[in-house]
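Me: Please take a close look at one part of this model for me: the strands and what surrounds them. I am in my first year, so keep the sentences short.

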Amino acid sequence: SHSSQQPSERGSRGTVAGRGRGLHDDRPSTHGTPTPQRQGSPSQRSTPRVSHNARDDSAGSTRTGQLDLFASLAPESTPQPPAAPRTAPTPAPAPVVQETEHQRIERLSARQRVASNIQALAIAVALRDEQRSPNERERAVLDNFTAWGAVPEVFDETNTSFEYDRNQLKSLLSQEEYAAARETTLTAFYTSPDIVSAMWTSLRTAGYTTGPVLEPGCGTGNFIEHAPNPTEVVGVELDPISAIIAHARNTQAHTQQPSFVETPLTDNTFAATIGNVPFSPVQPFDPDRNRLHLNTHNYFISKSIDATAPGGYVAVITSYSTADSSSRRRSEARDSFAERADFITGVRLPSGKNGAFSANAGTQAGADILIFRVREEGQEPTERTELFQQATAITLDGNTVAVNKFFAEHPDHVLGD
């Protein structure tokens, strides 16, 4: 779920079904490969209702023909029964297709997003103060929280059209909480349920079966929500309000509010890592874990690989730049990943106004789903890992750009135009 932290858990609720198409492990898994449940596209999930009340006119026509035939054999004095009148068949109503959550969010205006978020915040604060779990109605309101990345204008003091909403936020939150919420406008772009489900399916297809899972930047808990049952998920979230919502939505999960940088993690602890890491050029200060001065999203991936046990998988959504960067300093991030983990596969998600995050998160940023497998001691990097370490120049629309060699040589893993 993208996260704020930071950057972006129902820990053990619900069975996951999703679309993991194109996400194939390039080496045999040591964990075995369970058959994933699959979830169709939004249009497949809703079954159209079609009326069956339309008259079968052909049947009516047959009955009329039989009456005429037997009438011709009767004596002339026998009265002829009138033929049944022909009527046009009643047209069937158009199929009704249920709107998906992604489509519903896409229709929201900025003001509707803000109003929905404020309602969720009011409930989150009440739950915290009253030390209780949400009821069914409150839970539905919390599910509609979409963070502030798509509506940063609400925090703009010069924007008078959102002055009333701003004052509501200030009355609900402490100064520290308000400041934290305002900072999340740079990184809080949460993930749609369709992508979350597909990533869980891909993780299971790759070989994950059981064991604790880390989500480094859980936002309001979308990845926890879709975790297969039972799964122990540990989520870390910087924004205090998002952390409250994540816990309220997923009471069985372990959610922690310190930043991921400040969260101490022991190496080789988790069976897997999953999530949408924050996209930011900021280099987190961590003398122990960030000696290469990696930017935020690459730092999150690096620390997650350290925290995942050998044989475990790390599935993350990250910026295009993680894979594509050709500068020596930034390509060092891929080299550092390759020292400890193999690149298994990746999918490049569409960007732009119709991109993967335009509706749910309100951003046109491009992103990749990347899956790594932490190597056991003594194993050498795979050929695909060495391919992923490299970027190459290609021409797109007359412009020369750097693209990761894996995507350049596997265009079927690039979605969109």
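Reply: Helices (H or I, at least four residues) and strands (E, at least two) are DSSP runs, numbered from the N terminus. The model is predicted, so local features need pLDDT of at least 70 and side-chain atom pairs 80 or more, while totals for chains, interfaces and linings use all residues. Residues are numbered from 1 along each chain as its sequence is written, and side-chain values use heavy atoms, without hydrogens or water.

Start with the sheet. Seven strands make an open sheet in the order β3-β2-β1-β4-β5-β7-β6, with mixed pairing. Two strands pair if DSSP finds at least two bridges between them. β3 (254-256) and β6 stand at the edges with a single partner strand each, so each has one side without a neighbour in the sheet. On average, neighbouring strands are turned by 15° against each other, direction ignored.

Now look at two of the pairings. Strand β1 (residues 213-216) and strand β4 (residues 270-276) run parallel, joined by two bridges. Here Leu 214 has Thr 273 in β4 as its bridge partner. β6 and strand β7 (residues 367-374) run antiparallel, and eight bridges join them. Asp 342 stands opposite Arg 373 of β7.

Is β6 buried or exposed? Buried means under 20% relative accessible area, exposed over 50%, and partly exposed in between (1.4 Å probe, protein chains only). Nine of the nine residues of β6 are buried, so β6 is largely enclosed by the rest of the structure.

Next come the helices that cross the sheet. Contact means heavy atoms within 4.5 Å. Axes are lines fitted to C-alpha atoms, for helices over the stretch in contact, and angles run from 0 to 180 degrees between N-to-C directions. Helix α8 (residues 193-206) lies across β1, β4, β5 (308-319), β6 and β7, at about 155° to β5. Helix α11 (residues 296-307) lies across β1, β4, β5, β6 and β7 too, at about 165° to β5. Ser 202 belongs to helix α8. Ser 202 is buried, with a relative accessible area of 2%.

Then the aromatic rings. Rings of Phe, Tyr and Trp (its six-membered ring) pair if their centres lie within 6.5 Å; planes under 30 degrees apart are stacked, over 60 edge-to-face, the rest tilted. By this rule there are twelve aromatic pairs. One of them, Phe 155 with Tyr 178, is edge-to-face, at 5.4 Å centre to centre and 65° between the planes. This pair links distant parts of the chain, 23 residues apart: Phe 155 is in the loop between α5 (136-143) and α6 (163-172), and Tyr 178 is in helix α7 (residues 175-183). Tyr 178 is buried, at 7% relative accessibility.

Another pair brings us back to β6. Phe 343 and Phe 388 have ring centres 4.2 Å apart and planes at 10°, so the pair is stacked. Phe 343 lies in strand β6 (residues 341-349) and Phe 388 in helix α14 (residues 383-388), so the pair ties together parts 45 residues apart in sequence. Both Phe 343 and Phe 388 are buried. They share one aromatic cluster with Phe 337, Phe 372, Phe 406 and Phe 407.

Last, the charges. A charge sits over a ring if NZ of Lys or CZ of Arg is within 6 Å of the ring centre and within 35 degrees of the ring normal. Arg 348 places its charged end over the ring of Phe 407, 4.4 Å from the centre. Lys 303 does so over Phe 260, at 4.8 Å.
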